[in-house]
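Q: I should like to learn how the surroundings of a bound molecule and the packing of a helix are read. May we work through one example together?

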Amino acid sequence: MRLADATLNRLIDAAPPAYDRSAVRTGVVHLGIGAFHRAHQAAVFDAAIAAGDPRWGIAGVSLRSAGVRDQLVPQDGLYSIVVRDGDAQRVQVCGAIRTVLVAPEDPAAVVALLADADVHLVTLTVTEKGYRLDPATGALLVDEADVAADCASLDAPRTAPGFLVAALARRRAAGLAPFTAISCDNLPHNGRRLRQAVLTLARHHNEGLAEWIAAEGAFPQTMVDRIVPATTDADIAALAARIGVGDRAMVKTEGFSQWVIEDVFAGPRPDFAALGVQLTADVAPWEEAKLRLLNGAHSGLAYLGGLGGVDFIDQLVAEPAGRRFVERLWDEAQPTLTPPPGLDLAAYRTALMARFANAALQHRTRQIAMDGSQKLPQRLLETIAARRRAGASVDALGLAVAAWMRWQGGVDDRGESFTVDDPLADRTAAAYAAGPDAAARVEALMGIEAIFPAELSGDAELKAMLARTLAAIERDGALATMRDLAG
Ligand code: NAI
Ligand code: CS2
């Protein structure tokens with residue numbers, strides 16, 4: 001028996017949506033209907049509806065594959081949010097998703113949806129690479145095939161910026177206000193970069209449209225935080241045994257959740273503050289603290305653990321050397337931060353370590369290791385640049401980067417090959433294979449301008465330090481090198 005409207009009354013030990021789903025209207029379109037959206041933003045919109053505001057139903061859009069659509073539609077859009085903190089577990093069935101479209105199957109239907117008068121918010125989780133931006137500069141990659149196609153015509157958009165521009169043009173022609181476009185990805189300056197990508201593309205089509213979007217549109221910055229590992233078949237089987245119905249669209253996550261949004265909107269929105277969402281004029285200090293502390297440590301652990309054959313993040317911090325490595329990295333990163341008002345960094349670090357240690361999540365090092373070329377600049381390289389400018393040490397940050405470098409070789413410390421999942425994998429693999437020794441490999445990898453800014457690639461002392469660390473990883477293994485550093 002599958003989760004659906006008709007089987008909600010069969011649920012065991014799971015909370016069904018606390019409202020009449022037939023009264024819900026679609027006010028949000030979400031691009032990139034992956035696991036994170038379902039555990040984070042959708043949970044907030046579900047709470048808004050349950051609090052009595054039926055305008056915030058969600059239409060999901062996958063810009064690539066039909067997988068999630070085929071999981072959700074047979075379940076009437078219903079799915080479970082499984083919250084696991086250690087031994088404690090609770091299940092909430094989310095009813096906010098009303099439909100899911102697959103854009104390549106019918107791009108015109110997606111544009112029509114985005115142009116609907118009831119739609120006021122567009123949220124996005126298309127991963128760091130899904131914006132088609134240069135990771136170093138943030139500029140739209142206009143030479144990339146899909147972007148170039150969208151620059152030429154928006155009759156059948158292919159990219160996230162393409163869909164937004166096509167729909168905004170339609171809204172303008174219909175005399176409707178723009179929607180508010182809310183990037184919910186771990187992208188630095190996410191709102192500003194999305195706005196820039198949309199304006200660049202709009203200018204390829206109509207200067208007046210670009211000016212209208214610039215004047216009337218809203219692209220708030222956000223900081224988003226909730227750890228949501230990919231769902232496994234074992235998770236699905238365990239849930240079915242618990243709640244009595246099958247749910248192929250479930251997501252698993254932790255109790256913690258945070259959403260900080262710049263208070264800039266083009267039109268209606270839910271009472272976010274009443275829903276626990278932080279509205280602020282300045283998101284930057286929140287974003288920086290989260291990207292440099294949580295995500296910086298995540299990436300370091302992912303490459304060190306992945307090379308060492310460790311599957312899950314919690315297993316790494318269960319080891320004293322793993323914890324000490326994280327603490328060292330935070331000791332290096334913390335002085336580069338301007339903490340947001342009200343954030344106690346010591347307490348934040350303690351809570352983060354407890355979140356990493358949550359064994360019930362089984363967060364795979366390999367999942368976090370994906371797309372390193374898109375993640376390193378904001379998670380590690382900007383921190384290193386700030387430390388170098390201050391003449392301060394970067395031992396733990398450098399170890400994380402050297403482990404990423406080793407990862408580009410596609411062979412772990414046991415000699416087993418793996419696929420490097422990254423849009424720039426061809427270039428990084430070629431750079432890693434370029435030289436006879438670690439120093440040459442560092443030189444070649446740091447020559448990739450899309451990842452490493454000139455400030456770092458021109459820093460001979462830093463390069464020498466990275467070469468020594470990479471050589472140690474290649475000789476002794478990643479975990480041994482981590483233990484040496486952490487003492
Ligand atoms: P996921 O793999 O479940 O979903 C990724 C979504 O992005 C899918 O809908 C996929 O079709 C789409 N996508 C991937 N590449 C794309 C591209 N090139 N163009 C357009 N769409 C593309 O991953 P998940 O867990 O939902 O994470 C997605 C993003 O959410 C992350 O990259 C990150 O920026 C953000 N995030 C994730 C958190 C997590 O713990 N999973 C927490 C905080 C933020
Ligand atoms: C992780 C993030 O996969 C990754 O890159 O570091 O998805 C991380 O789980 C989130 O940012 C937590 O909010």
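Q: Into how many nonpolar, polar and charged residues does the shell around ligand 2 divide?
A: Ala, Val, Leu, Ile, Met, Phe, Trp, Tyr, Cys and Pro count as nonpolar, Asp, Glu, Lys and Arg as charged, and the others, Gly among them, as polar. A residue is near a molecule if one of its heavy atoms lies within 4 Å of it. In this predicted model, the shell around ligand 2 holds three nonpolar, four polar and five charged residues. Residues are numbered from 1 along each chain as its sequence is written, and chains are lettered from A and ligands numbered from 1 in the order in which they are written. Local features need pLDDT of at least 70, side-chain atom pairs count only at pLDDT 80 or more, and totals for chains, interfaces and linings use all residues, while side-chain values use heavy atoms, with hydrogens and water left out.

Q: Which helix gives the most to the shell around ligand 2?
A: Helices are DSSP runs (H or I, at least four residues), as are strands (E, at least two), numbered from the N terminus. Helix H10 gives the most, with four residues; H10 and helix H15 (372-389) each supply at least two.

Q: Which side chains have a polar atom at an oxygen atom of ligand 2?
A: A polar contact is a pair of N or O atoms within 3.5 Å; within protein, one must be able to donate a hydrogen and the other to accept it, and residues adjacent in sequence count only if both atoms are side-chain atoms. Among them are Lys 290, at 2.6 Å, and Arg 379, at 2.8 Å. The protein covers 87% of the 340 Å² of accessible area that ligand 2 has on its own (Shrake-Rupley method, 1.4 Å probe; for residues, only the protein chains shown count as cover).

Q: Where do the buried residues of helix H21 lie around its axis?
A: An α-helix has 3.6 residues a turn, so residues three or four places apart point the same way. In H21 (residues 478-486), Ala 478, Leu 479, Thr 481, Met 482 and Ala 486 are buried (under 20% relative accessible area; exposed is over 50%, partly exposed in between; 1.4 Å probe, protein chains only). Because they cover an arc of only 160° around the axis, they are on the same side of H21; the arc is that of the directions from the helix axis to the C-beta atoms.

Q: What do the buried residues of H21 pack against?
A: Contact means heavy atoms within 4.5 Å. Their partners include helix H10 (284-307) and helix H20 (460-476).
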